[in-house]
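This briefing covers aromatic contacts, charges over rings and internal cavities in one protein model. The sequence and structure come first.

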Amino acid sequence: MGEQSRQCSVWLGSETGILKGVSLSRKQAFNFCNTSHLSRDQEVRALCWGDPAESELLVGSVDGTVKTFSVEKGAFTEARRCGEPSEGCFTGLAALNGSSLITCVECGTVRVWKEDSAEPATQLDAGKNVCRMRQSPLHQHKVATGGKENGLKIWDLERPEKPVFTAKNLRDDWLDLRRPHWVRDMAFIPDSDKVVTCTGYHQVHVFDPSTPQRRPVLEAEYGEYPLTTLSLPASGTSVVVGNTHGQIAVLDLRKGLVRGCLKGLAGGVRSLQCHSSQPLLASCGLDRFLRIHSLEDRKLQHKVYLKSRLNCLLLASRDLQEGTGAAEGVSQEVKEEGEEEDEVWDTMEQVEERPKRKTEEEEETQKKSEKKKKKGD
């Protein structure tokens, strides 16, 4: 089973509690769990790598437990309690210095857990209704939080007393009415101090904590529906956003303009991730498909049906084209959309339509019309 898990290039968490691994090169999907004991209490809401070598996955479940999955062994090796269901679902999960763990739940509690400790080493309150927590890839001890009526905050976990940056709400509209804010996701822009956010009011904002200005330095809008998630390509000059109606767009972070749209989705987008080195984007959501798009020509490269509604995904840094899942795992061959449709049509029995039998009324009507024609002749 460990060999199967090492082949996986995309990892996904589902509403049914299944951790799924997909090898795109082999066109295989693997379920890493005991499918006979599934429940909605084990729904996977967060995924992250446990170490830089990507040998361990951290899996956050709705019941407040964080499980450690060994990619080498293809099995779960540890489970620890990091919250209570009453606090809400995990909205963020990250590894700190290889041995510690950062968790964030909907009620706004951010905790740092040391290895082999049942009590958090650090705890802070980020405010109510937190929708997302993200860790800075450059400074691991810095995290950003935000939610509904809970603006962007950046925290230094080494000094958790107060945030190092608190965003100011947008200026009032032209009627002098307060504009609501609803941060759904955020990301740290590489090689800068800037943070980009997307909101439930179809807005994209860029904040720059290095300046005195606490309002966005860039404002843009996309579509008409709430944005749910975002991801940054390796270039750092654009951002990819997805919304509740299955629409994905690439926006320019310098001018705030839409560069292009990625088509083919149906249902809300739950998670996006750009590959760290290739111009590829992975997406998943309510329509139960994993999709891989090219960011160069925006064409669909792969589309894999995975049976469960998907909450989150995680890309392996290895080459997706080379490929890359279970203790009690189930493997299945997955087919791309075109192949699956062709096979269905090929196996269907051909049905020939028989000539429709005329009713008595139609026969009498036909006889009368024939008699009239003869009389006319």
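The model is predicted, and the count of aromatic pairs in it comes to eight. One of these pairs joins W11 and F32, and another joins F32 and F69. The notes below take the aromatic pairs, then the charges over rings, then the two cavities with the most space.

**Aromatic pairs and cluster**

- The rings of W11 and F32 form a tilted pair, with 5.2 Å centre to centre and 40 degrees between the planes.
- W11 belongs to strand β1 (residues 10–14) and F32 to strand β3 (residues 28–32), so this pair ties together parts that are 21 residues apart in sequence.
- W11 has 0% relative accessibility and counts as buried, because the cut-off for that class is under 20%.
- F32, at 1% relative accessibility, also counts as buried.
- F32 and F69 make an edge-to-face pair, because their planes stand at 75 degrees, with the ring centres 4.9 Å apart.
- F69 lies in strand β6 (residues 65–70) and F32 in strand β3, so their pair ties together parts that are 37 residues apart in sequence.
- Both members of the pair, F32 and F69, are buried.
- A single aromatic cluster is made up of W11, F30, F32, F69 and F76.

**Charges over rings**

- K67 lies over the face of F76, 5.7 Å from the ring centre.
- F76 is also a member of the aromatic cluster that holds W11 and F32.
- K303 has its charged end over the ring of F289, at 4.5 Å from the centre of that ring.

**Largest cavity**

- The volume of the largest cavity is about 110 Å³.
- Its lining consists of 15 residues, and N169, H181, V183, H205 and F207 lie nearest the centre.
- Three elements each give two or more residues to this lining: β14 (150–156), β17 (195–199) and β18 (203–207).
- Of the elements, β18 gives the most, with three residues.
- By class, seven of the lining residues are nonpolar, seven are polar and one is charged.

**Second largest cavity**

- The second largest cavity holds about 40 Å³ of space.
- Its lining is formed by G17, L19, Q42, V44, V59, S61, K67 and F76.
- K67 and F76, both in this lining, are the residues of the charge-over-ring contact at 5.7 Å.
- By class, the lining has four nonpolar residues, three polar residues and one charged residue.

Definitions and conventions. Residues are numbered from 1 along each chain as its sequence is written. This is a predicted model: local features need pLDDT of at least 70, side-chain atom pairs count only at pLDDT 80 or more; totals for chains, interfaces and linings use all residues. Side-chain values use heavy atoms; hydrogens and water are left out. On a 1 Å grid over the protein atoms alone, a cavity is a set of points where a 1.4 Å probe fits but cannot get out, and a pocket is an open set with protein on both sides within 12 Å along at least five of seven lines; lining residues have an atom within 4 Å of a point. Grid points are joined across faces, edges and corners, and a volume is the space filled by probe spheres set on the points. Helices (H or I, at least four residues) and strands (E, at least two) are DSSP runs, numbered from the N terminus. Ala, Val, Leu, Ile, Met, Phe, Trp, Tyr, Cys and Pro count as nonpolar, Asp, Glu, Lys and Arg as charged, and the others, Gly among them, as polar. Rings of Phe, Tyr and Trp (its six-membered ring) pair if their centres lie within 6.5 Å; planes under 30 degrees apart count as stacked, over 60 as edge-to-face and the rest as tilted. Buried means under 20% relative accessible area, exposed over 50%, partly exposed in between (1.4 Å probe, protein chains only). A charge sits over a ring if NZ of Lys or CZ of Arg is within 6 Å of the ring centre and within 35 degrees of the ring normal.
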